[in-house]
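Visitor: Hi! Could you walk me through a protein structure? I'm new to this.
Guide: Happy to, here it is.

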Amino acid sequence: MSSRFAANCNTVVTSGNAIQVPSYTRFDAMLAYRQPKYDVRVNLLNVFNKQYYDSLIQSEGGRAVLGIGRTAMLTVTYRM
């Protein structure tokens, strides 16, 4: 994601203040094991635990929301 600005257009024009968040690259990984009756999947999000801003809110001069830290998810799918 490239760097972005978060601010109300009127605020930027009148005061010159804007919140800019830096660019980032987030790496995710997935490992899957497949069998005739079931699948097992492990997802690892944000492998390198990069701090980044996921969302920008365009109100009250602009706010930024941090993205998730390293997160693991396990999914098991069973077929009848």
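Guide: We'll talk through the overall make-up, the sheet, two loop residues, the surface patch and the salt bridges.

Visitor: Anything I should know before we start?
Guide: Yes: this is a predicted model, where local features need pLDDT of at least 70, side-chain atom pairs count only at pLDDT 80 or more, and totals for chains, interfaces and linings use all residues. Residues are numbered from 1 along each chain as its sequence is written, and side-chain values use heavy atoms, with hydrogens and water left out.

Visitor: Thanks. How many helices and strands does the protein have?
Guide: There are 1 helix and 7 strands. Helices (H or I, at least four residues) and strands (E, at least two) are DSSP runs, numbered from the N terminus. Along the sequence the pattern reads β-α-β-β-β-β-β-β.

Visitor: And how much of the protein is buried?
Guide: Buried residues are 16% of the 80 residues. Buried means under 20% relative accessible area, exposed over 50%, and partly exposed in between (1.4 Å probe, protein chains only).

Visitor: What about the surface: how much area does the protein expose?
Guide: About 6,100 Å², with carbon and sulfur atoms supplying 57% of it. Accessible areas come from the Shrake-Rupley method with a 1.4 Å probe, and for residues only the protein chains shown count as cover.

Visitor: Now the sheet. What is the strand order?
Guide: The order is S3-S4-S7, in an open sheet of 3 strands with antiparallel pairing. Strands S3 (29-34) and S7 (71-78) stand at the edges with a single partner strand each, so one side of each has no neighbour in the sheet. From one strand to the next, the twist averages 10 degrees. For such angles, axes are lines fitted to C-alpha atoms, for helices over the stretch in contact, and angles run from 0 to 180 degrees between N-to-C directions.

Visitor: What does "pair" mean here?
Guide: Two strands pair if DSSP finds at least two bridges between them. In general, strands of a sheet pair through backbone hydrogen bonds, either parallel or antiparallel.

Visitor: How many bridges join S4 and S7?
Guide: Strand S4 (residues 38-45) and S7 pair over 8 bridges, in the antiparallel sense. As an example, Leu45 has Thr71 in S7 as its bridge partner.

Visitor: Let's switch to loops. Where is Asn46?
Guide: Asn46 sits in the loop between S4 and strand S5 (53-57). Its phi is near 55 degrees, a positive value in a residue other than glycine. Most residues other than glycine have a negative phi.

Visitor: Which other residue in that loop has a positive phi?
Guide: Asn49 is one, with a phi of about 55 degrees, and Asn49 is also found in the loop between S4 and S5.

Visitor: Are these two buried or exposed?
Guide: Asn46 is buried, at a relative accessible area of 1%, whereas Asn49 is partly exposed at 42%.

Visitor: Okay, back to the surface. Which residues form the nonpolar patch?
Guide: They are Leu31, Tyr33, Tyr38, Val42, Leu74, Val76, Tyr78 and Met80, with about 960 Å² of accessible area together. Patches are made of residues with over 30% relative accessible area and no salt bridge; like charges are joined within 9 Å, and nonpolar side chains (Val, Leu, Ile, Met, Phe, Trp, Tyr) within 5 Å.

Visitor: Which elements do they come from?
Guide: S3, S4 and S7 each give two or more residues, and S7 gives the most, with 3. Met80 lies in the segment after S7 and is exposed, at 86% relative accessibility.

Visitor: Last topic: how many salt bridges are there?
Guide: The structure holds 3. A salt bridge is a side-chain nitrogen of Lys or Arg within 4 Å of a carboxyl oxygen of Asp or Glu. One of them joins Asp28 and Arg26, at 2.7 Å from N to O. Asp28 is partly exposed at 41%, and Arg26 is partly exposed at 30%.

Visitor: Which residues are linked in a network?
Guide: Arg34, Asp39 and Arg79. Arg34 and Asp39 have their closest N and O atoms 3.8 Å apart, while Arg79 and Asp39 meet at 2.9 Å. Arg79 lies in the segment after S7 and Asp39 in strand S4, so that pair ties together parts 40 residues apart in sequence.

Visitor: And is Asp39 buried or exposed?
Guide: Asp39 is buried, at 13%, whereas Arg34 is exposed at 62% and Arg79 is partly exposed at 27%.
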